[in-house]
Amino acid sequence: MILRILGSLLVVAALSVLGEVGAASLRERTATLRRLQSALEILQTEISFLKTPLPEALRRVGQLTGGAVAEFFIAAGRRIQDSGLPAERGWREALEEFSASTSLTAEDSEVLRGLGKTLGISDRLDQSRHLDLARERLAALEAQAREDEARNSRIYRYLGILSGLALVLLLL
């Protein structure tokens with residue numbers, strides 16, 4: 001009897017953790033979108049006002065931000081400078097790795113992919129406009145992500161607990 005109770009508690013706990021992981025993914029997406037906006041603002045300053053070359057500007061942004069966003073910018077700058085890749089290709093390759101390691105959606109990644117197509121091929125003013133546009137789009141996606149998080153994180157948690165309880169009832 002004690003083993004059944006212990007097993008039941010473990011099943012409910014395991015599925016509850018899965019629900020919490022789903023909720024954490026929603027929180028992480030929101031935070032990543034916020035960090036990306038800040039990073040793009042720093043990049044805009046580096047390019048527009050400090051006139052820093054793109055690879056160096058990307059690395060500086062990485063040094064001033066944190067987490068996966070920092071790694072993304074550093075990797076993009078390194079790929080462009082060290083391998084001599086065109087800016088778009090270096091950005092795209094770094095973005096593919098970044099997107100795979102975060103909970104960004106395809107729509108989020110598409111905003112960054114579109115920005116990468118314009119980096120390094122136009123004057124500072126035009127790049128500044130593209131960075132503004134990307135930040136605005138990311139801000140809209142962040143607002144949507146916040147709504148999704150508020151609406152769905154509780155659902156993920158409850159679904160984890162309730163599915164654990166349902167599984168226990170089916171097994172007993």
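Helices here are DSSP runs of at least four residues, numbered from the N terminus. In this predicted model, the elements of the protein chain run α-α-α-α-α-α from the N terminus on. The radius of gyration is 21 Å, well over the 16 Å that the globule rule gives for 172 residues, so the chain is more spread out than a compact globule. The C-alpha trace tells of its extent: along the principal axes it spans about 70 × 30 × 25 Å. The chain has six helices and zero strands.

Burial and surface were computed next. Of the 172 residues, 41% count as buried. The accessible surface comes to about 9700 Å². Carbon and sulfur atoms hold 60% of that area. Charges were counted too. The chain has 22 positive and 22 negative side chains. The centres of these two sets lie 3 Å apart. Contacts between residues at least 6 apart in sequence were also examined. Of these, 63% join residues at least 24 apart.

Helix H1 covers residues 2-48, and Glu-46 is part of it. Glu-46 has a relative accessibility of 6%. Buried means under 20%, so Glu-46 counts as buried. Which residues touch Glu-46, leaving aside neighbours within four places in sequence? The contacts are Lys-51, Thr-52, Ala-57 and Arg-60. Of these partners, Ala-57 is listed among the buried residues of helix H2.

Helix H2 spans residues 54-64. Its buried residues are Leu-54, Pro-55, Ala-57, Leu-58, Val-61 and Gly-62. These residues cover an arc of only 165° around the axis, which puts them on the same side of H2. The spacing fits a general rule. An α-helix has 3.6 residues a turn, so residues three or four places apart point the same way. On the other side of H2, Gln-63 and Leu-64 are exposed. The cover over the buried residues of H2 includes H1, helix H3 (67-82) and helix H4 (87-101).

Another buried position lies in helix H6, which runs over residues 124-171 and holds Ala-134. The relative accessible area of Ala-134 is 4%. This value is under the 20% limit, so Ala-134 is buried. Leaving aside neighbours within four places in sequence, Ala-134 is in contact with Leu-40, Val-111 and Leu-115. Leu-40 falls within the range of H1, residues 2-48. Val-111 is 23 residues from Ala-134 in sequence. In space, the two are 6.3 Å apart, C-alpha to C-alpha.

How values were computed
Residues numbered from 1 in each chain as written. Predicted model: local features only at pLDDT ≥ 70, side-chain atom pairs only at ≥ 80, totals over all residues. Heavy atoms only, no water. Helix = DSSP H or I, 4+ residues; strand = E, 2+ residues; numbered from the N terminus. Rg over C-alpha atoms; globule rule 2.2 N^0.38 Å. Buried < 20%, exposed > 50% of the residue type's maximum accessible area, 1.4 Å probe, protein only. Contact = heavy atoms within 4.5 Å. Areas by Shrake-Rupley, 256 points an atom, 1.4 Å probe, with all protein chains shown as cover. Lys, Arg positive; Asp, Glu negative; His and termini not counted. Charge placed at Lys NZ, Arg CZ, Asp CG, Glu CD. Arc of directions from axis to C-beta.
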